[in-house]
Amino acid sequence: MHYQFIANIVTILSLIFGFSSIFLALNLKYSMASWFIIWAVLCDIIDGKIARLSPTPSEFGKEFDSLADMVSFGVAPAVLVYMLAFGNQFNIQNIFVVCLYLSCGAFRLARFNIYSKGRPRGYFKGLPITASGAFLASFVLWAHRFDIGVRQEIFWLVLLILSLLMGSNIRYPNFSNFKAARGFIGVSLLLLSIIAALMSKGVALLIIFFTYVALSPIIVGDKDTPIQIGNA
């Protein structure tokens with residue numbers, strides 16, 4: 001099968017979801033815009049799993065995926081937060097934190113593309129932009145679910161922290177390189193997460209992504225040991 005071709009189709013779908021989220025946010029449909037980012041996250045997970053089925057890595061697929069990620073998890077969440085929290089106040093502070101988030105996201109993607117050419121490891125260096133965008137979307141869903149008016153200063157702080165984490169050398173687990181994550185256990189956890197997200201109207205997503213952002217570095221630790229993939 002042409003796994004890379006299928007993976008690229010799913011990447012296009014992720015890009016479409018991210019681009020649609022931007023239009024929804026501009027039309028003040030914040031909850032729906034957040035869900036479209038979450039669907040883009042799901043596509044990003046799926047296209048990676050499909051791409052790894054191919055015996056030959058695709059440099060094109062990796063670069064294409066990064067470009068889609070910049071739109072879906074960089075630009076789309078930034079527009080969502082800007083419209084929701086800063087929409088009526090055009091000032092230097094708001095522009096700065098949004099541009100900082102976009103810049104650190106782009107830096108994170110570029111660094112990943114360069115350093116992932118070596119041996120695969122069990123961790124990412126810096127918070128993945130996918131997790132960052134997903135956290136912002138789930139944060140908005142949580143606020144919308146309980147009709148909570150979040151102050152601008154809170155969004156400033158969240159964007160600043162996510163930006164610094166993406167640009168940092170803090171290690172986050174790369175679950176995609178573990179056998180369990182690629183097998184039955186990984187698929188089951190993914191399905192359970194989707195069910196929990198739908199039943200809780202997105203609240204479970206905030207718990208999941210907050211746990212990954214805040215606690216995952218503790219799991220990884222300081223080891224710099226390459227991992228073994230498959231039967232290698």
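**Helix packing and salt bridges in a predicted model**

Just after H5, aspartate 147 adopts a positive phi of about 55°. This backbone value, like everything reported below, comes from a predicted model. The helix that precedes aspartate 147 makes a convenient starting point. H5 covers residues 129–145, and its 17 residues should span 24 Å at 1.5 Å a residue; the end C-alpha atoms are indeed 24 Å apart, in agreement with that expectation. H5 is also mostly covered, with 14 of its 17 residues buried.

Beyond H5, the loop that leads to H6 contains glycine 149. Glycine 149 is exposed, its relative accessible area being 72%. Along the chain, glycine 149 lies 64 residues from alanine 85, yet the C-alpha atoms of the two are separated by 9.3 Å.

It helps to place these details within the whole chain. The protein chain has 9 helices and 2 strands, and from the N terminus its elements follow the order α-α-α-α-β-α-α-β-α-α-α. Of its 232 residues, 45% count as buried. Contacts between residues at least 6 apart in sequence were also examined, and 83% of these join residues at least 24 apart.

The pairing of H3 with H4 can be followed in some detail. Two packed helices are described by the angle between their axes and the distance between the axes. The axes of H3 and H4 (residues 92–115) come within 10 Å and cross at roughly 165°. An angle over 145 degrees counts as roughly antiparallel, and H3 and H4 are therefore roughly antiparallel to each other. The crossing of H3 past H4 is right-handed. On the H3 side, the residues making the contact include Lys62, Glu63, Met70, Phe73, Tyr82 and Phe86. On the H4 side, Ile95, Val98, Tyr101, Leu102, Leu109 and Phe112 are among them.

Tyr101 of H4, part of the contact with H3, is also in contact with serine 163. Serine 163 sits in helix H6, which comprises residues 152–167. With its neighbours within four places in sequence set aside, serine 163 contacts Leu100, Tyr101 and Cys104. At 0% relative accessibility, serine 163 counts as buried.

Charged pairs complete the picture. Side chains of opposite charge can pair when their charged atoms come close. A search of the whole structure finds 2 salt bridges. One of them joins the side chains of lysine 62 and glutamate 59, with an N to O distance of 3.5 Å. Both residues belong to H3 (residues 59–86), and because they are 3 residues apart in that helix, about one helical turn separates them. Their surroundings can be compared through accessibility: lysine 62 is buried at 17% relative accessible area, whereas glutamate 59 is partly exposed at 41%. Lysine 62 is, in addition, one of the H3 residues that make the contact with H4.

The salt bridge between glutamate 153 and arginine 151 has its closest N and O atoms 3.4 Å apart. In this pair, glutamate 153 counts as partly exposed at 38% relative accessibility, while arginine 151 is exposed, with a relative accessible area of 57%.

Technical notes
Residues are numbered from 1 along each chain as its sequence is written. This is a predicted model: local features need pLDDT of at least 70, side-chain atom pairs count only at pLDDT 80 or more; totals for chains, interfaces and linings use all residues. Side-chain values use heavy atoms; hydrogens and water are left out. A salt bridge is a side-chain nitrogen of Lys or Arg within 4 Å of a carboxyl oxygen of Asp or Glu. Helices (H or I, at least four residues) and strands (E, at least two) are DSSP runs, numbered from the N terminus. Buried means under 20% relative accessible area, exposed over 50%, partly exposed in between (1.4 Å probe, protein chains only). The expected span of a helix is 1.5 Å times one less than its number of residues. Axes are lines fitted to C-alpha atoms, for helices over the stretch in contact, and angles run from 0 to 180 degrees between N-to-C directions. Angles under 35 degrees count as roughly parallel, over 145 as roughly antiparallel, 65 to 115 as roughly perpendicular and the rest as oblique. A crossing is left-handed if the near helix is turned anticlockwise from the far one by less than a right angle, and right-handed if clockwise. Contact means heavy atoms within 4.5 Å.
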